[in-house]
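User: I would like to learn how to read a structure like this one, going feature by feature. Could you take me through it slowly?

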Amino acid sequence: MVKKILFVCLGNICRSPAAEGIFKHKIKDRDLEMLFFVDSAGTGGWHVGNLADSRMREAAQKRGIELTSRSRQIEENDLYEFDHILVMDNDNLQAVRSLIKDRSHPANKKIKLILSYSQDSQLNEVPDPYYGGSNGFDEVLDLLDDAIEELIKILID
Ligand code: 4NP
């Protein structure tokens, strides 16, 4: 069975496309692509149709990771379509949860903070690098790399 994974942030141009790219890069390296369908989305729609922020694409490219996805806004149906929904921060968590009208719906259990999988980080949230300096993009990539490594281990276990 193909597992469907959705990464979510606010704009879908920095953190979640990076998470999508890292996840895809890791499963390609390990010949596990057939096991997963991976996508990303934003809770906001300001950047719909855009490639990831050029600063994030550049930082990822330096690690050999190509970010090719285009921004889209999350829809309620994503909550039922995807098996795992990994969000970057608590605002995303609230926004995604609010798409499900029924508080007790099992889909609520699919939504998790990506850094809950992290082994290294004391942080709970992936900081938004959009308004920060260029090292913010590398920090995001490091945080995501660590958490996604653990996530993949759990998903293939
Ligand atoms: P992201 O970063 O949620 O990691 O994609 C942001 C991108 C754009 C904006 C905010 C955050 N914005 O306000 O346009």
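User: Leaving out residues up to four places away in sequence, which residues does Asn92 touch?

Analyst: Please keep in mind throughout that this is a predicted model. When neighbours up to four places away in sequence are set aside, Asn92 touches Val8, Cys9, Leu10, Thr43 and Val87. Asn92 itself sits in helix α4, which spans residues 90-97.

User: Is Asn92 buried or exposed, and how do I decide?

Analyst: The general idea is to compare the relative accessible area with a cut-off, and buried means under 20%. Asn92 counts as buried because its relative accessibility is 2%. Its side chain also has a polar partner, since a polar atom there lies 3.1 Å from the backbone nitrogen of Met88.

User: How does Asn50 read by the same steps, and where is it found?

Analyst: Asn50 is found in the loop between β2 and α2. The label partly exposed is for values between the buried limit of 20% and the exposed limit of 50%, so Asn50, with a relative accessible area of 35%, is partly exposed. Apart from neighbours within four places in sequence, Asn50 is in contact with Ile13, Ser69, Arg70 and Ser71.

User: Which residues surround the ligand?

Analyst: To read a binding site, one lists the surrounding residues and then looks at individual atom pairs. Here the ligand is surrounded by Cys9, Leu10, Gly11, Asn12, Ile13, Cys14, Arg15, His47, Asp128, Tyr130 and Tyr131, a shell that by class has six nonpolar, three polar and two charged residues. Turning to atom pairs, a polar side-chain atom of His47 lies 2.7 Å from a ligand oxygen, while a ligand oxygen is 3.2 Å from a polar backbone atom of Asn12, and a ligand oxygen is also 3.2 Å from an N or O atom in the side chain of Asp128. The protein covers 91% of the 360 Å² of accessible area that the ligand has on its own.

User: How many residues has the largest nonpolar core, and which of them have the most contacts inside it?

Analyst: The largest nonpolar core has 35 residues, and those with the most contacts inside it are Phe7, Phe23, Ile114, Leu144 and Ile148. At least two residues of this core come from each of β1, α1, β2, α2 and α5, and α5 gives the most, with ten residues. Beyond its neighbours within four places in sequence, Ile114 is in contact with several residues, including Phe7, Met88, Leu144 and Ile148. There is also a second, separate core of 14 residues, with Leu6, Val87, Leu93 and Ile100 among them.

Note on methods: Residues are numbered from 1 along each chain as its sequence is written. This is a predicted model: local features need pLDDT of at least 70, side-chain atom pairs count only at pLDDT 80 or more; totals for chains, interfaces and linings use all residues. Side-chain values use heavy atoms; hydrogens and water are left out. A residue is near a molecule or strand if one of its heavy atoms lies within 4 Å of it. A polar contact is a pair of N or O atoms within 3.5 Å; within protein, one must be able to donate a hydrogen and the other to accept it, and residues adjacent in sequence count only if both atoms are side-chain atoms. Accessible areas come from the Shrake-Rupley method with a 1.4 Å probe; for residues, only the protein chains shown count as cover. Ala, Val, Leu, Ile, Met, Phe, Trp, Tyr, Cys and Pro count as nonpolar, Asp, Glu, Lys and Arg as charged, and the others, Gly among them, as polar. A nonpolar core is a set of buried Ala, Val, Leu, Ile, Met, Phe, Trp, Tyr and Cys residues joined through side-chain atoms within 4.5 Å. Buried means under 20% relative accessible area, exposed over 50%, partly exposed in between (1.4 Å probe, protein chains only). Helices (H or I, at least four residues) and strands (E, at least two) are DSSP runs, numbered from the N terminus. Contact means heavy atoms within 4.5 Å.
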